[in-house]
Amino acid sequence: MADWKDFFEDNKEHFGQFLDSLAERRSSKRAHEALPVPPLRFCPLCHAAFIEDSELAIHIRSLHGQQYIYLRVNGRIIRDLGWADRGISELRLVSLGFPRVQVEICGPQVHKFLDVRGDEDLKRLVPADFEGELTLRVTPPGNRESQFTIYSRSLPEFRCEALDALIQTMSLRCFEADHEPDIIEWRERMGETSALENRYLNGFFEYTLAFFLEKTRQFRKAKEHFEEAFGLLLPFRTALSLSAQCVLGLRMNCFGVLAKAPSKSVVSSLDVFFNKPFPSN
Ligand SMILES: [Zn+2]
């Protein structure tokens, strides 16, 4: 398991930049330089990584069969959670292979039910200056519901330093004392949490549990929890989360993900090793 200490300090520098922004590609070069490296685009169904959304869209269409639902927000396909810091300019729901899907869209001052066929931009249902949490529940008749959450303009509380400190303490304790981590104990220590804080905590709990299961040779269960951790942590861009994603990327033989490694972290040398083997660094 990676050593947290190296990038714990990095995290403080990036306080307030804890979610991957849907607007980042349009931000100024200067602002861009101050942030961690923009992440790759991950397939919402498998862990394949892509640099461009267009490549991801082709992958989804060609590899995942005829039936699939995805949501495109501000030009990017989101997995299950998106952060539109400058508001929502596109909310395109695409359903492939279903004659129609039932959609429930809700948030502050928005609550609607509708049927969508094929491909439809639902932006018109959301006020122009919408702020807060927007949830879309999409159900193809007879199939499982998919849920998407978008935060627009503002985010719930996120106590990054407190969370990182707790995660560090609890995961170290788990590995030093060799005892299975207990989510109830993690939650009790953190007290009341926002939806985002809860997701972050769960992501790192799954990460810690997966390593514990691997250490105790329960490989099949470990694999499930590695994947769960990866999905939960993907939208976060704290230094701790980006580093965990790099470690998870290694477990899944997806070396491209290492480009996300914070420059001072131990995993960034792996990025150099796998992705930039020839320059002098
Ligand atoms: Zn895929």
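**Reading burial and packing in a predicted model**

Guide: Cys-246 lies in helix H8, and it is a convenient place to start in this predicted model.

Visitor: Why is Cys-246 called buried?

Guide: The cut-off is 20 or more other C-beta atoms within 10 Å, and Cys-246, having 24 C-beta neighbours inside 10 Å, satisfies it and therefore counts as buried. Although Cys-246 and Phe-230 are separated by 16 residues in sequence, their C-alpha atoms are 9.6 Å apart in space.

Visitor: Phe-230 brings us to H7, so to speak; how do you know what its length says about its geometry?

Guide: The test sets the span against an expectation of 1.5 Å a residue: H7, with 15 residues, reaches 21 Å from its first C-alpha to its last, close to the 21 Å expected.

Visitor: Which residues of H7 are buried, and where around the axis do they lie?

Guide: The buried residues of H7 are His-225, Phe-226, Ala-229, Phe-230, Leu-232 and Leu-233. Around the axis they cover an arc of only 165°, which puts them on the same side of H7. H6 and H8 are among what covers these buried residues.

Visitor: How do you know which residues Leu-233 is in contact with, once its neighbours within four places in sequence are left aside?

Guide: The criterion for a contact is that the C-beta atoms lie within 7 Å, and by that criterion Leu-233 is in contact with Gly-203, Ser-241, Ala-244 and Gln-245.

Visitor: Which residues touch the most other members of the largest nonpolar core?

Guide: That core has 34 residues, and those touching the most other members are Phe-204, Ala-229, Leu-233 and Ala-244. The elements that give two or more residues to it are H4, helix H6 (195–215), helix H7 (219–233) and helix H8 (239–251), with the largest share, ten residues, coming from H6.

Visitor: What makes you place this core where you do, relative to the domains?

Guide: Domain 1 (2–64) and domain 3 (160–275) both contribute residues to the core, so it lies between them. Another core, of 25 residues, lies apart from it, and its members include Ile-60, Ile-69, Leu-81 and Tyr-151. As a general background, nonpolar side chains tend to be buried together in soluble globular proteins.

Visitor: How does the span of H4 compare with what is expected at 1.5 Å a residue?

Guide: Helix H4 (residues 160–177) has 18 residues and extends 25 Å from its first C-alpha to its last, close to the expected 26 Å. Its buried residues are Cys-160, Leu-163, Asp-164, Ile-167, Met-170, Ser-171 and Cys-174. What makes these a face is their direction: viewed down the axis of H4, they fall within an arc of 140°, so they line one face of the helix. The face turned away from that buried side carries the exposed residues Glu-161, Glu-176 and Ala-177.

Visitor: What is notable about phi just after H4?

Guide: Asp-178 takes a positive phi of about 60° there, although it is not a glycine; its place is the loop between H4 and helix H5 (183–190). Asn-74, likewise not a glycine, has a positive phi of about 50°, and it sits in the loop between E3 and strand E4 (76–78).

Visitor: Do Asp-178 and Asn-74 count as buried or exposed, and what makes them so?

Guide: Exposed requires 12 or fewer neighbours and buried 20 or more. Asp-178, with 10 C-beta neighbours inside 10 Å, therefore counts as exposed, whereas Asn-74, with 24 C-beta neighbours inside 10 Å, counts as buried.

Visitor: How do you know that the side chains alternate along strand E6?

Guide: In E6 (residues 91–96), Leu-91, Leu-93 and Ser-95 point to one face and are buried, while Arg-92, Val-94 and Leu-96 point to the other and are not. This fits the general rule that in a regular strand the side chains alternate between the two faces of the sheet.

Visitor: What makes E3 and E9 pairing partners of E6?

Guide: At least two bridges are needed for strands to pair. Strand E3 (residues 68–73) is joined to E6 by six bridges, the two running antiparallel, and Leu-71 stands opposite Leu-93 there. With strand E9 (residues 119–121), E6 pairs over three bridges, also in the antiparallel sense, and Val-94 stands opposite Asp-119 in E9.

Visitor: What fraction of the 281 residues is buried in the protein as a whole?

Guide: Buried residues make up 34% of the 281, in a protein with nine helices and eleven strands.

Note on methods. Residues numbered from 1 in each chain as written. Predicted model: local features only at pLDDT ≥ 70, side-chain atom pairs only at ≥ 80, totals over all residues. Helix = DSSP H or I, 4+ residues; strand = E, 2+ residues; numbered from the N terminus. Expected span 1.5 Å × (residues − 1). Arc of directions from axis to C-beta. Core = buried A, V, L, I, M, F, W, Y, C linked by C-beta atoms within 7 Å. Domains from an automatic or database assignment. Contact = placed C-beta atoms within 7 Å.
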